[in-house]
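Biologist: I want the reasons behind the labels. Please take me through this model one term at a time.

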Amino acid sequence: MTLFADQNINIGALRKKAFNYRWAEVPEGTIPLTAADPDYPAAPEISRALIDYIRDGYFSYTPKLGYPEFAQALSTALARRKGEEIPPRLILPIDSAARGMYEIARAVLRPGDEMIVFDPADYLFRESCLAAGGKPVYFPARLKGGYIDLSALENYITPKTRMIGLCNPHNPYGVLYRGEDLEHIMGLCEKYDLYIMNDEIWSDIVYADPSGSSGPSGSSGPGGFLSVYSLGNERCRRVMSVFGFSKSFGIAGLRAGCVYCTDEERFAEIVKVSAVMTTAGGISSLSQVAGIACLNECYYWVDEFVRHLKGNRDYAAGRINGIPGLSCHVPQATYLMYVDIRQLGLSSEGFAEHLKKNAGLAVVPGGRQYFGAASEGYVRICFATSRELLTEGLDRLEAGVGLL
Ligand SMILES: Cc1ncc(COP(=O)(O)O)c(C=O)c1O
């Protein structure tokens, strides 16, 4: 039996444990294709590592900068999977990628400073900027030829701009950046002395595409992913990055993540704002143990997951593009379909509400709240589930459109 067989999903457990717009928060009978969180249980090595850790009953403080094995494991994985050369001493384990984004924003932005936030993009870029007292300046990130068109990005830089948010691969578009795109962004940062908040949380969920929207050539990561670090560590001194476990390893509730960079001073600043040295900040022992198991033992699981997801992606794209009034592109990365509903003549919220009420399906509406104003007229569908549940979900989507 394969890891990602239909019967391996435990709906009873999900109903009790999967929050954040998912099974535990929707009415019984509703299928949530909502928050980006897999329906499958995590790799068994993670539970085993946790059970080994708790057996002797000790739950003592951990090192303030995290277990050295954690930073070492991430340093090794970054080099092996993405060609990034980050020394363990410049990796800070922290309690989620989201927290990492907040700490980077606090380390860089002073009240009134501007940060360029792509619209659409995950709302954590905007929220982390706002929480640091910064001002998000929205860059309309439109697709051109399967990539984000960056030609107008410079027009959004002002004397107050301090940082650009880079979501690579991009949520919700599911697109990658080419070498020339990264060069363009870095060139602007060098010209105007800006930092980059680099979020690569989706970089393991990338599809090596023989057809359709193919990935860039000359890449160093899985399936065509190209990191900004391909520009060289020296140029990346202005880059601060987050690593997350929620998307690739399915351990969102453990709140594990890391911040890393190549500049000692920036790193010291991040350590300072994160308050790990006073123990007010930081990551739990259990989350670190799980994170170490992920990095050292579970990439076989991630690779198998991506193979499963690729089948789901192609199936979902075919189905969605066959529904009158809906359309989507085939994502190069992520397990998210960004669905254009503008032909239906409904708002994103209105359509999502209609599906929930009349079709037993929950999706994430576009619009300002989650991805930015430019995502109005779209909904986002997560396909990190079994083919069986995805089929049922898409049947409901089709039926829901039919009811309009
Ligand atoms: C682009 C992006 N960054 C960060 C996060 C947050 O990840 P975590 O659960 O590790 O905080 C998400 C979750 O959806 C995401 O899509």
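Modeller: M115 of β3 stands opposite M163 in β7. This is a predicted model, where local features need pLDDT of at least 70, side-chain atom pairs count only at pLDDT 80 or more, and totals for chains, interfaces and linings use all residues. Residues are numbered from 1 along each chain as its sequence is written.

Biologist: What makes β3 and β7 a pair?

Modeller: Two strands pair if DSSP finds at least two bridges between them. β3 and β7 (residues 161-167) have three bridges, in the parallel sense. Therefore they count as paired. The names follow DSSP runs: helices are H or I, at least four residues, strands are E, at least two, and numbering starts from the N terminus.

Biologist: What joins β3 to β4?

Modeller: Six bridges, and the strands run parallel. V117 has Y138 of β4 as its bridge partner. The chain gets from β3 to β4 through helix α5 (residues 123-131), and this β-α-β crossover is right-handed.

Biologist: What does right-handed mean for a crossover?

Modeller: Point the strands away from the viewer. The path from the first strand over the helix to the second then runs clockwise.

Biologist: Why is β3 called mostly covered?

Modeller: A residue is buried if 20 or more other C-beta atoms, placed from the backbone, lie within 10 Å of its own; 12 or fewer means exposed, and in between is partly exposed. In β3 (residues 114-119), six of six residues are buried. E114, I116 and F118 lie on one side, M115, V117 and D119 on the other. In a regular strand the side chains alternate between the two faces of the sheet.

Biologist: Is S96 buried or exposed, and how do you know?

Modeller: S96 has 22 C-beta neighbours inside 10 Å, so it counts as buried. S96 lies in the loop between β2 (91-94) and α4 (97-108). Its phi is near 130°, a positive value in a residue other than glycine.

Biologist: And why is N20 called partly exposed?

Modeller: N20 has 13 other C-beta atoms within 10 Å, so it falls between the two cut-offs. Phi of N20 is near 60°, again positive in a residue other than glycine. N20 sits in the loop between α1 (11-17) and β1 (31-32).

Biologist: Which residues are closest to the ligand?

Modeller: S96, A97, A98, G244 and S246, in a shell of 14 residues. Being near the ligand requires a C-beta atom, placed from the backbone, within 6 Å of it. The shell has seven nonpolar, five polar and two charged residues. Ala, Val, Leu, Ile, Met, Phe, Trp, Tyr, Cys and Pro count as nonpolar, Asp, Glu, Lys and Arg as charged, and the others, Gly among them, as polar.

Biologist: Where do the domain bounds come from?

Modeller: From an automatic or database domain assignment. It gives domain 1 (6-41 + 299-402) and domain 2 (68-297). Their contact takes 26 residues from domain 1 and 31 from domain 2. Two residues are in contact if their C-beta atoms, placed from the backbone, lie within 7 Å. On the domain 1 side, α10 gives the largest share, five residues.

Biologist: What makes β11 and β14 edge strands?

Modeller: Each pairs on one side only. The open sheet has the order β11-β12-β15-β14, with antiparallel pairing. Two bridges join β11 to β12, and C328 stands opposite V339 in β12.
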